[in-house]
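Colleague: I'd like to learn how to read a helix pair in a model. Could you walk me through one?

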Amino acid sequence: MESVQRSYEDFPAMPSAVFRLMGYNVLDAPDETRSRRLVMWIYRWLCTCSHAVCVGFMIFRIFEVKTIDSIPLIMRYVTLVTYVINSDTKHATAMQRDSIRNLNKKLADLYPKTTKDREYYRVNEHYWSRSFLAMIFIYIGSSIMVVIGPILQSIFAYFTRHQFTYEHCYPYFIYDPNRHPVWVYIIIYATEWLHSTHMVISNVATDLWLLCFQVQICMHFSCMTRSLEEYQPDRTHDGDDNRFLAQIVNKHEYLVILQNDLNGIFGGSLLLSLITTSAVICTVSVYSLIQGLTLEGITYVFFIGTSVMQLFLVCNHGQQLLDLGEDIGHAAYNHNWHKASIAYKKYLLIIIIRAQKPVELSAMGYLPISRDTFKQASTVRSFTEHCLIRVACPIQLMSVTYRGLAMIRQMIE
């Protein structure tokens, strides 16, 4: 029995669905009713307003200083500040809805239309894997546990000590059950829930759109390389050979343009999120060590693991793109071109020359995203290079995170 070949709409369906968890509709759903759109619009603005209120209170508490009176609380504020910067940067990226829709339409037009073509492109192999979907669910689930953990602790305290402790997630709001009514606690918790939803969904769904587009571009590069390797040119059908290779050259150029569009949309958030994600992982690790084997500490450990995996997936797809860009040059050189005409060989030379310049997922042109970015020290020149000032800013993702964690632990001890 033949497996059903995925359509293009199956790929962006997942990032679209995740973004709709905060009421944001990147791609207009044609079957959506007017009342449903209104409800989603209201829900989205509740999330946005709650986020703005919580960030405002966070800034107020930082400048107030007197309520931040312990090392665990300092580490928690550092974590929250870096995570807010990370998620807001990605949210701003996702607000480029016209650019995202435009790139989505171009990739949809390029997607193979017939079942036979889809089999040749191996579209099902590029679809979201079960392990990847499981990671997304664990990420969202661990984020939910961070939010509902305090109320679960309060309920547990009620049944064990007969006292509801009115715990809540973020230290921005100070609730005193002896002075404030219960409805204030409910409003605080609902605001924190919507605030967390805004941050978590913005963080993960923007990366899902990035991966969705990157997977499509990698799929086309892979198929183009494979078709070039399999093609058998001969002087007897020189016209067909030249037309085939001209299509390869044109498609390669078009894919480079699409990759540049992708970098233009997501490059800014990539550069900042690489820095902030390392800081978040570092500070959350320290906070989890301080908390120990509590419900909050355990949920933060899960959150760290999924955050590291999320970062690795982005870097791994960047590495795949680099490898596929090089493979085209190898395929052009190694396939059976000896019987081809001079014109065919000239086209091949064009492909080989273009393949020398790597096609890459790039953070604003300053940092190519690859597995080396994830595991080794890379140097990023700051934006002041445009003013003839060269500043080296090392982003050593996992290695810097580890050294930062060790340094903070030593300072605390």
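Modeller: Let's go from the whole chain to one helix pair, then to a single residue. Keep in mind that this is a predicted model.

Colleague: Fine, overall picture to begin with. How many helices and strands are there in the protein?

Modeller: The protein has 12 helices and four strands. It has 413 residues, and 48% of them count as buried. About 21,100 Å² is exposed, with carbon and sulfur atoms supplying 62% of that.

Colleague: Now the pair. What do I look at when two helices pack?

Modeller: Two packed helices are described by the angle between their axes and the distance between the axes. Here, take H6 (residues 130-161) and H7: their axes come within 11 Å and cross at roughly 165°. Angles over 145 degrees count as roughly antiparallel, so that is what H6 and H7 are to each other. Their crossing is right-handed.

Colleague: Which residues make the contact?

Modeller: On the H6 side, they include Phe132, Ile136, Tyr139, Gly149 and Pro150. H7 contributes, among others, Tyr185, Tyr189, Trp193 and Leu211. By class, the contact has 15 nonpolar, five polar and no charged residues.

Colleague: And a single residue, say Thr197: is it buried or exposed?

Modeller: Thr197 sits in H7, which spans residues 182-230. Buried means under 20% relative accessible area; Thr197 is at 13%, so it counts as buried. Leaving out residues up to four places away in sequence, Thr197 touches Leu21, Met22, Tyr43, Cys47 and Ser202.

How values were computed: Residues are numbered from 1 along each chain as its sequence is written. This is a predicted model: local features need pLDDT of at least 70, side-chain atom pairs count only at pLDDT 80 or more; totals for chains, interfaces and linings use all residues. Side-chain values use heavy atoms; hydrogens and water are left out. Helices (H or I, at least four residues) and strands (E, at least two) are DSSP runs, numbered from the N terminus. Buried means under 20% relative accessible area, exposed over 50%, partly exposed in between (1.4 Å probe, protein chains only). Contact means heavy atoms within 4.5 Å. Axes are lines fitted to C-alpha atoms, for helices over the stretch in contact, and angles run from 0 to 180 degrees between N-to-C directions. Angles under 35 degrees count as roughly parallel, over 145 as roughly antiparallel, 65 to 115 as roughly perpendicular and the rest as oblique. A crossing is left-handed if the near helix is turned anticlockwise from the far one by less than a right angle, and right-handed if clockwise. Ala, Val, Leu, Ile, Met, Phe, Trp, Tyr, Cys and Pro count as nonpolar, Asp, Glu, Lys and Arg as charged, and the others, Gly among them, as polar. Accessible areas come from the Shrake-Rupley method with a 1.4 Å probe; for residues, only the protein chains shown count as cover.
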